[in-house]
Amino acid sequence: MDSLKLLAHPIRLRIVHAMGGGRLLTTAQLCARIPEASKATVYRHIDLLVSGGILEVAEEHRVRGAVERHYRLRPDRAVVGAEAVRTLTPEDHRQAFTTAMTALLAEFNAYLDREEADPVADQVGYRQHSLWLSPTELTELIGELRAAIVPRLANSPSLERAQYLLSPIHFPVEGPQETEQPTTETG
């Protein structure tokens, strides 16, 4: 199964989010992170991600006669390449966007369900801005966002860091506007 198909499921996408920053997590820890899914469901999705090469077993320990596995994300495999994106149909894009929004909503609800959730203190944001951009300006903006985000993707978990989910989304709401020529009255 290719990366797109593997990542195109809200539970698998949430597992990938949880594994970010070089974390090593067990299935039990992932089940706690996704309490609305059954343990069997989380186990099944972890197996698919391991089979697809997106997760790998980093460590194994014997715990009361069972083998406890710690998984690690392979960030180089947890991406959908530009070539794959070019082959997507509008329906494929619709499905991928729906999956991303479903996972985002589930993550936000899980955050709000935590007893210590404080959207003001945590600087939670969900603003939308309508921008007028030329193709060049859009390319520049995407480059600037990447320049700000990519170095922080290497941050590892620590006592002073909380994991945030950042979801930049952009798409044209309407096409370029034809400029209206001012009319002059003659008379």
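**Figure 1. Accessible surface and overall dimensions of the protein.** The accessible surface of this predicted model comes to about 14,200 Å², and carbon and sulfur atoms account for 55% of that area. Of the 187 residues in the protein, 20% are buried. The radius of gyration is 21 Å, whereas a compact globule of 187 residues would have a value near 16 Å, and the C-alpha atoms fill a box of roughly 95 × 40 × 30 Å along the principal axes. The protein carries 20 positive and 25 negative charges, and the mean positions of these two sets lie 11 Å apart.

**Figure 2. Order of the secondary-structure elements and confidence of the prediction.** The protein contains 7 helices and 3 strands, which follow one another from the N terminus as α-α-β-α-α-β-β-α-α-α. Taking the contacts between residues at least 6 apart in sequence, 57% join residues at least 24 apart. The average pLDDT of the protein is 89, and 94% of the residues score at least 70. Among the elements, the lowest mean pLDDT, 86, belongs to helix α1 (residues 3-7), and the highest, 96, to helix α4 (residues 39-51). Where pLDDT is low, the predicted coordinates should not be read in detail.

**Figure 3. Helix α2 and its covered residues.** Helix α2 spans residues 10-18 and is mostly covered, with 7 of its 9 residues buried. The buried residues of α2 are Ile-11, Leu-13, Ile-15, Val-16 and Ala-18, together with the two arginines Arg-12 and Arg-14. One of these residues, Leu-13, is also touched by Thr-99, a residue that is shown in the next view.

**Figure 4. Surroundings of Thr-99 in helix α6.** Thr-99 is placed in helix α6, which covers residues 90-113. Its relative accessibility is 3%, and Thr-99 therefore counts as buried, the cut-off being under 20%. When residues up to four places away in sequence are set aside, Thr-99 touches Leu-7, Ala-8, His-9, Pro-10 and Leu-13. Of the helices that supply these partners, α1 is formed by residues 3-7 and α2 by residues 10-18.

**Figure 5. Leu-104 and Ser-167, a contact between helix α6 and the segment after α7.** Leu-104 lies in helix α6 and is partly exposed, with a relative accessible area of 26%. Apart from neighbours within four places in sequence, Leu-104 is in contact with Leu-165 and Ser-167. Ser-167 belongs to the segment after α7 (135-153) and is likewise partly exposed, its relative accessible area being 35%. The C-alpha atoms of Ser-167 and Ala-100 are 9.0 Å apart, although 67 residues separate the two in sequence. By contrast, Leu-104 and Thr-87 are 17 residues apart along the chain, and their C-alpha atoms are separated by 25 Å.

**Figure 6. Thr-27 in helix α3.** Thr-27 is found in helix α3, which comprises residues 27-33. Because its relative accessibility is 8%, and the cut-off is under 20%, Thr-27 counts as buried. Leaving out residues up to four places away in sequence, Thr-27 touches Tyr-43, Ile-46, Arg-69 and Tyr-71. Among the elements that contain these partners, helix α4 is made up of residues 39-51 and strand β3 of residues 66-73.

**Figure 7. Two loop residues with positive phi.** Most residues other than glycine have a negative phi. Arg-64, which is not a glycine, has a positive phi of about 45°, and its place is in the loop between β2 (55-63) and β3 (66-73). The relative accessible area of Arg-64 is 83%, so this residue is exposed, the cut-off being over 50%. Gln-123 also has a positive phi, near 55°, and is found in the loop between α6 and α7. At 70% relative accessibility, Gln-123 is counted as exposed.

**Figure 8. Leu-131 in the loop between α6 and α7.** Leu-131 is found in the loop that joins α6 and α7. Its relative accessible area is 52%, and Leu-131 is therefore exposed, since the cut-off is over 50%. The C-alpha atoms of Leu-131 and His-170 are separated by 9.8 Å, the two residues being 39 residues apart along the chain.

Conventions. Residues are numbered from 1 along each chain as its sequence is written. This is a predicted model: local features need pLDDT of at least 70, side-chain atom pairs count only at pLDDT 80 or more; totals for chains, interfaces and linings use all residues. Side-chain values use heavy atoms; hydrogens and water are left out. Helices (H or I, at least four residues) and strands (E, at least two) are DSSP runs, numbered from the N terminus. The radius of gyration is taken over C-alpha atoms; the globule rule is 2.2 Å times the number of residues to the power 0.38. Buried means under 20% relative accessible area, exposed over 50%, partly exposed in between (1.4 Å probe, protein chains only). Contact means heavy atoms within 4.5 Å. Accessible areas come from the Shrake-Rupley method with a 1.4 Å probe; for residues, only the protein chains shown count as cover. Lys and Arg count as positive and Asp and Glu as negative; His and the chain ends are not counted. The place of a charge is taken as NZ of Lys, CZ of Arg, CG of Asp or CD of Glu. pLDDT is the predictor's confidence in each residue, from 0 to 100.
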